[in-house]
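I wanted to look at the insides of this one: the open spaces, the closed spaces and the packing around them. My notes follow in the order I looked things up.

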Amino acid sequence: MRHLIDILELSVEELDSLVATANDIIDSPEKYAHKCDGKKLATLFFEPSTRTRLSFEAAMYELGGNVLTMADAGSSSAAKGESVADTAKMISCYADIIAMRHPKEGAPLVAAKNSTIPVINAGDGGHHHPTQTLADLLTIHREKGRFDNLTIGLCGDLKFGRTVHSLIGAMSRYKNITFVLISPEELKVPDYVKNIITDAGHSFVETVSLEESMPSLDILYMTRVQRERFFNEEEYLRLKDSYILNTDKLINAKEDLVIMHPLPRVNEISVAVDNDKRACYFRQALYGKYMRMALILKLLDIK
Ligand code: NCD
């Protein structure tokens, strides 16, 4: 039985195969409409979510399966003090696969160790978010047609942004990738993530300037400053508007730049940018559903 806790658990061949399945689902959805008949996905969300939970649920419905949902931990036995381990053991009796989001780093791993069904990490604290990365990879594949030879700018909260950590891990597996890490000093990428880049033989630059980086970028991945991870509200207020992408800042960008964002956006991308053909973030949210369909099939071992 396989779980998905960290994107690095999937080989490059497996990532490529998930992308191929998702592309096939987009082309021929009817082939997949009954693949999960009689199966149940449990979505256990101990942290707010719109896209991730609903796209998992839409994914399971589009495969013919059903969903048991716990969208609000405040209404579950976690509020009575039940451990993640016990919750996972119990849900294993009711469902065939679990998607779990939790504010504590490592909670989905604990669930996986105690579950008799596959567990998918739908975001654990400031750590990892492997299924957002699957959405990101399909976006890059469909927009750029390749995973190699890319300069990727990641901008915003690179310290707490779990989507950034997982995406860097995945892209480090491909050839000739340059990472441009654009953040305030206080929100730089953690060392363990930088080590993944250098261990893979890639280079990175750290900078505070989005404008100076812009002309070199093939992909610009904007992120929200993660208010819920700050210990100090004043520090959040000081840093929250560090970067606001607007149409002026795109003047020196490449014609075929791909602008991504895992969403939700607060105000780090101005609404006027949505009309630019390079803005891909709403398509990216749609692609997340197809990649989650491909992942559910893989982990349930359904061909
Ligand atoms: C991201 C997350 O939850 O980490 N959102 C998402 O899953 N699409 C990014 C964020 O919350 O800023």
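**Pockets**

I started with the largest pocket, which holds about 390 Å³ of space. Keep in mind that this is a predicted model. I counted 21 residues in the pocket's lining, and those nearest its centre are Arg 101, Arg 162, Arg 224, Leu 263 and Pro 264. Helices H2 and H6 (162–171) are the elements that give two or more residues to that lining. I then sorted the lining of the largest pocket by class and got 10 polar, 7 charged and 4 nonpolar residues.

Next I went to the second largest pocket, with a volume of about 210 Å³. Which elements give two or more residues to its lining? They are helix H1 (12–27) and H10. I noted the lining residues of this second pocket: Ser 17, Leu 18, Thr 21, Tyr 32, Lys 35, Ala 294, Leu 297, Lys 298, Asp 301, Ile 302 and Lys 303. By class, the lining of the second largest pocket comes out as 5 nonpolar, 4 charged and 2 polar.

**Cavities**

I then looked for closed spaces and found 3 cavities of 30 Å³ or more. The largest cavity has a volume of about 70 Å³. It is lined by 13 residues, and Arg 51, Gln 132, Pro 262, Gln 284 and Ala 285 are the closest to its centre. Helix H2 (51–62), helix H5 (130–144) and H10 each give two or more residues to this lining. Which element gives the most? I got H10, with 5 residues. The lining of the largest cavity divides into 6 polar, 5 nonpolar and 2 charged residues.

The second largest cavity holds about 50 Å³. I listed its lining as Gly 156, Met 222, Thr 223, Val 225, Leu 239, Lys 240, Asp 241, Ser 242, Tyr 243 and Glu 268. That lining has 4 nonpolar, 3 polar and 3 charged residues.

**Cores**

On to the packing. In soluble globular proteins, nonpolar side chains tend to be buried together. I found 58 residues in the largest nonpolar core here, where Leu 134, Leu 154, Ile 168, Met 171 and Phe 179 have the most contacts inside the core. Helix H10 (residues 281–299) gives the most to this core, with 9 residues. A separate core has 19 residues, among them Ile 182, Leu 217, Leu 263 and Tyr 281. I had already met Leu 263 at the largest pocket, where this residue is one of those nearest the centre.

I picked out Met 171 for a closer look. What does Met 171 contact, leaving aside neighbours within four places in sequence? My list reads Leu 137, Ile 140, Phe 147, Leu 150, Ile 152, Ile 177, Phe 179 and His 202.

**Helix H3**

Last, I checked helix H3 (residues 84–91), whose buried residues are Val 84, Ala 85, Thr 87, Ala 88 and Ile 91. These buried residues cover an arc of only 165° around the axis, so they sit on the same side of H3. The spacing fits a general rule: an α-helix has 3.6 residues a turn, so residues three or four places apart point the same way. What covers the buried residues of H3? I noted that the cover includes strand E1 (40–45), strand E3 (97–102) and helix H4 (107–114).

Key:
Residues numbered from 1 in each chain as written. Predicted model: local features only at pLDDT ≥ 70, side-chain atom pairs only at ≥ 80, totals over all residues. Heavy atoms only, no water. Core = buried A, V, L, I, M, F, W, Y, C linked by side-chain atoms within 4.5 Å. Buried < 20%, exposed > 50% of the residue type's maximum accessible area, 1.4 Å probe, protein only. Helix = DSSP H or I, 4+ residues; strand = E, 2+ residues; numbered from the N terminus. Contact = heavy atoms within 4.5 Å. 1 Å grid on protein atoms, 1.4 Å probe; cavity = no way out; pocket = protein on both sides within 12 Å on 5 of 7 lines; lining within 4 Å. Points joined across faces, edges and corners; volume = space filled by probe spheres on them. Nonpolar A, V, L, I, M, F, W, Y, C, P; charged D, E, K, R; others polar. Arc of directions from axis to C-beta.
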